[in-house]
Amino acid sequence: MDAILLQILNGLDKGSAYALIALGLTLIFGTLGVVNFAHGALFMIGAFCAVTLQKILTISSVSIDPEKKDFLGNPMEVKTPYVESLFGEATGQLIINWSVPLAILFAIPVMLAVGYIMERGLIKHFYKRPHADQILVTFGLAIVIQEIVKHYYGANPIPTPAPDALRGSFDFGVLLGFDPNAVIYPLWRLVYFAFSALVIGAVFAFLQFTTFGMVVRAGMADRETVGLLGINIDRRFTLTFGIAAAVAGLAGVMYTPINSPNYHMGMDFLVLSFVVVVVGGMGSLPGAVLAGFLLGILESFAAMNEVKSFFEAIYLPSIDQIIIYLVAIIVLLTRPRGLMGRRGVMEE
Amino acid sequence: MTLIKPTRRGVIQAGALAGAGIAMPTILTAESHAGYRNAPQGSTVTLGFNVPQSGPYADEGADELRAYELAVEHLNGGGDGGMMNTFTANGSKNALKGNGILGKEVKFVTGDTQTKSDAARASAKSMIEKDGAVMITGGSSSGVAIAVQGLCQEAGVIFMAGLTHSNDTTGKDKKANGFRHFFNGYMSAAALAPVLEKMYGKDRKAYHLTADYTWGWTQQESIAAATEAKGWETVKNVLTPLATTDFSSYVAPVLNSGADVLVLNHYGGNMVNSLTSAVQFGLRDKQVNGKNFEIVVPLYSRLMARGAGENVKGIFGSTNWHWSLQDEASKAFVKSFGTKYGFPPSQAAHTCYVQTLLYANAAETAGTFNPCGIAEALEGLQFDGMGNGATEYRAEDHQCFKDVLVVKGKDNPTSEFDLLEVVEVTPREQVEYAPDHPMFAGGDLGQCNPGA
């Protein structure tokens with residue numbers, strides 16, 4: 001039982017990342033009709049916003065300490081971050097320690113700008129082109145972004161730890177009446193889940209309760225009619241792209257303490273997020289979120305040893321690797337529109 | 001239509017040409033051991049450095065390339081000579097003169113393995129066929145090393161393996177043209193098991209997470225066998241795909257498996273991520289079977305330790321070489337590398353530098369670049385002064401035998417490079433095995449192939 005509970009938590013956690021990326025993807029597809037293969041790269045840029053802020057905060061003045069020796073036996077260079085000399089040692093260290101949550105503030109304007117530039121500079125030229133062209137150009141863009149990041153940050157993962165206060169693990173089992181230590185879950189992963197729920201809620205509220213959101217939703221349903229009503233739908237869609245980019249970016253920022261970011265992390269999430277969008281129903285926002293969590297949980301269960309041995313016994317090895325695609329095939333065969341895709345939306 | 005009119009001058013010219021043509025093979029053979037692939041012409045010799053310049057091991061590849069450039073500089077007489085000053089072969093000073101190899105200036109070309117077997121083979125092939133490389137070296141993955149070694153055997157050039165730790169490289173996939181200086185999974189296990197027994201006791205239950213390819217399989221097999229011989233029980237071995245990034249769903253089942261040790265047969269980004277997950281899930285703070293839960297990372301690298309940050313503290317593993325070693329050779333190497341690049345070399349850089357010097361020395365002693373001559377000079381070579389103490393290139397499988405370092409993630413690092421501490425130098429006798437050991441059996445070295 002405790003093992004199942006752990007995998008549910010794991011699934012919710014994985015699902016949070018899938019849902020956040022898929023939400024942006026389906027938002028872009030729903031409004032702009034663009035299949036954005038560079039969306040994983042936006043997630044990665046978000047993660048590197050956290051890395052960059054960490055680097056900025058640790059820019060240091062260098063002094064020579066003749067007492068200490070470096071690896072060659074020369075006097076050692078001692079680095080003191082400017083933040084520490086500016087705000088005092090204790091406050092400076094606290095700021096550096098909390099660099100990942102602080103990076104949220106840093107990432108929002110950066111991601112909005114990246115999204116704006118990407119949409120105005122490149123993607124708007126592909127609105128009327130076939131999906132194949134869009135996929136090629138956005139996929140190419142993703143590779144270019146990846147290589148640029150690799151050039152400046154290197155290929156190895158860069159540790160971006162969570163603040164000390166949120167680094168430990170939380171005895172979840174005790175809350176539910178299990179023995180102590182039976183269900184231990186990393187604190188930061190719980191934070192990640194809560195944060196994702198908050199962002200998802202905010203996006204839905206924004207689309208549901210604001211005029212802007214109403215126009216975007218109307219545009220998703222029938223772009224032409226909204227245009228005929230004299231509303232500049234293009235400008236709103238550009239902003240939507242920026243919001244989608246920011247959501248992916250925030251997902252990336254908060255993900256960095258879970259797995260040290262590297263230049264390739266976007267690609268790892270991209271394909272799965274596409275499956276999530278398709279299973280959820282193209283252009284359906286609740287579908288993307290539902291499918292994200294569903295597939296995350298299924299994937300986690302499939303990694304359980306008991307489940308794996310069961311599927312191995314019926315000649316389905318490595319079920320944890322294929323479960324998502326199996327589910328996608330079944331859903332597409334039985335409900336071609338996806339779980340929550342509505343009739344008439346995104347259909348000819 | 002024009003008729004060719006024979007003239008006296010024409011006949012003489014034709015005769016001279018024909019004569020030279022007939023004499024040709026004799027001239028070439030006379031010029032010591034020609035009749036082999038890519039025999040260097042002119043005053044230079046070209047080596048091919050095949051390292052990952054993109055993909056997950058690009059940082060290791062970059063460090064390997066730095067080491068190669070340093071080695072070339074030293075061979076050509078530049079810099080401070082590094083380990084050329086300490087290197088002894090068969091009990092006497094090495095044959096390197098600082099004037100290139102066999103008097104020919106050393107040039108090099110580089111290829112990108114991308115840590116993919118097919119890409120690595122393609123770049124090696126191009127360096128052999130287009131650039132005339134007489135030797136290929138480098139790499140940071142056993143899958144790649146085995147693929148490129150096979151190619152070099154067919155092409156008739158020497159392959160000096162870079163970082164490759166699978167038993168198979170000099171086991172079932174060994175080749176007469178291939179040589180490995182780096183240690184392997186069996187040696188890691190043989191060195192680690194006694195230390196683990198001493199630290200954690202005899203009665204332990206181990207859970208393995210293993211990268212699903214040749215290196216992971218052979219290392220897991222080796223560690224399981226060595227620890228079981230010490231009384232440990234292997235509870236479970238779970239294979240994880242190389243592309244896995246989030247290990248949480250693999251780590252979670254460990255918590256309730258009854259195991260009290262987690263062995264991570266992972267390298268590179270896999271190791272960084274799985275270790276981070278294991279630490280985040282509180283494994284290291286856990287008590288199981290009345291004992292502290294422990295994590296072991298059998299193959300360590302400083303570059304990876306940097307990626308894993310604080311999580312490596314107190315965790316045991318093994319390594320081929322570490323920059324903090326205090327023998328004269330290691331100090332000399334760290335000094336020339338550190339002065340040139342500003343940071344200490346990694347174990348990948350070390351093995352690549354050593355392999356280049358060993359190749360050059362073999363060519364000097366053999367008096368030829370012919371792969372068969374080089375192989376003969378390397379087989380059974382006893383050398384020292386290269387940072388690992390007394391070492392032997394065993395003739396039967398082209399594997400180097402030397403002491404193995406057992407290391408631990410340092411609790412109080414004094415600098416960003418000071419991440420691992422050497423806790424024990426396991427003597428060679430303890431990690432040695434017979435060439436026909438079951439974990440290495442099944443392959444055939446074959447005959448050296450000069451390629452022409």
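In strand 18 of chain B, Lys408(B) is the bridge partner of Phe316(B). That little pairing is a good place to step into this predicted model. Let's follow the strands outward from there and see what they build.

**Around strand 14**

Strand 14 of chain B covers residues 316–319, and 4 bridges tie strand 14 of chain B to strand 18 (residues 404–409) of chain B, the two running antiparallel. Which way do the residues of strand 14 of chain B point? Phe316(B) and Ser318(B) face one way, Gly317(B) and Thr319(B) face the other way, and all are buried.

Strand 14 of chain B also joins strand 13 (residues 294–299) of chain B, this time running parallel and over 2 bridges. Here Leu299(B) sits opposite Ser318(B) of strand 14 of chain B. To get from strand 13 of chain B to strand 14 of chain B, the chain passes through helix 9 of chain B, making a β-α-β crossover that is right-handed.

**The sheet of 7 strands**

Now zoom out. Chain B has an open sheet of 7 strands in the order 9-8-10-13-14-18-19, and its pairing is mixed. Strand 9 and strand 19 (420–426) of chain B are at the edges with a single partner strand each, so each has one side without a neighbour in the sheet. From one strand to the next, the twist averages 25°. Elsewhere in this part of the chain, strand 8 (residues 205–211) and strand 10 (residues 261–265) of chain B pair in the parallel sense over 5 bridges, and His208(B) stands opposite Val263(B) of strand 10 of chain B.

**The sheet of 5 strands**

There is also an open sheet of 5 strands in chain B, ordered 4-1-5-6-7, with parallel pairing. Its edge strands are strand 4 (105–112) and strand 7 (178–180) of chain B, each pairing on one side only. Neighbouring strands in this sheet are turned by 25° against each other on average, direction ignored.

Strand 1 of chain B is worth a closer look: 6 of its 8 residues are buried, so strand 1 of chain B is largely enclosed by the rest of the structure. Strand 1 of chain B pairs with strand 4 of chain B over 8 bridges in the parallel sense. With strand 5 (residues 135–138) of chain B, strand 1 (residues 44–51) of chain B pairs over 3 bridges, again in the parallel sense.

Here are some of the residues that face each other across these strands:

| Residue in strand 1 of chain B | Residue opposite | Strand of the residue opposite |
|---|---|---|
| Val45(B) | Val106(B) | strand 4 of chain B |
| Gly48(B) | Ile136(B) | strand 5 of chain B |
| Phe49(B) | Thr137(B) | strand 5 of chain B |

Helix 11 (residues 347–366) of chain B lies across strand 5 and strand 6 (158–161) of chain B, running at about 160° to strand 5 of chain B.

**A residue in a loop**

Is Asn388(B) buried or exposed? It has 27 C-beta neighbours inside 10 Å, so Asn388(B) counts as buried, although its place is in the loop between strand 15 (382–384) and strand 16 (391–393) of chain B. Leaving aside neighbours within four places in sequence, Asn388(B) is in contact with Trp321(B), Lys402(B) and Asp403(B). Asp168(B) is 220 residues away along the chain, and the C-alpha atoms of Asn388(B) and Asp168(B) are separated by 22 Å.

**Where the chains meet**

How many residues of chain B are in contact with chain A? There are 35 of them, meeting 32 residues of chain A. The elements of chain B that give two or more residues to this side include helix 2 (58–75), strand 9 (233–240), helix 7 (248–255) and helix 10 (328–341). Helix 7 of chain B gives the most, with 6 residues. By type, the side of chain B that touches chain A divides into 16 nonpolar, 14 polar and 5 charged residues.

**How far to trust it**

For the complex, the predictor gives an ipTM of 0.80 and a pTM of 0.85. Chain B averages a pLDDT of 90, and 92% of the residues score at least 70. Residues 1–5 of chain B have a pLDDT below 50, and this stretch has 0 contacts beyond near neighbours in sequence. Residues 21–33 of chain B also stay under 50, and there the model has 9 contacts beyond four places in sequence. Where pLDDT is low, the predicted coordinates should not be read in detail.

Methods: Residues numbered from 1 in each chain as written. Chains lettered and ligands numbered in written order. Predicted model: local features only at pLDDT ≥ 70, side-chain atom pairs only at ≥ 80, totals over all residues. Contact = placed C-beta atoms within 7 Å. Nonpolar A, V, L, I, M, F, W, Y, C, P; charged D, E, K, R; others polar. Pairing = 2+ DSSP bridges. Axes fitted to C-alpha atoms, helices over the stretch in contact; angles between N-to-C directions. pLDDT = per-residue confidence, 0-100. Buried ≥ 20, exposed ≤ 12 C-beta atoms within 10 Å, placed from the backbone. Right-handed = clockwise from strand over helix to strand, strands pointing away.
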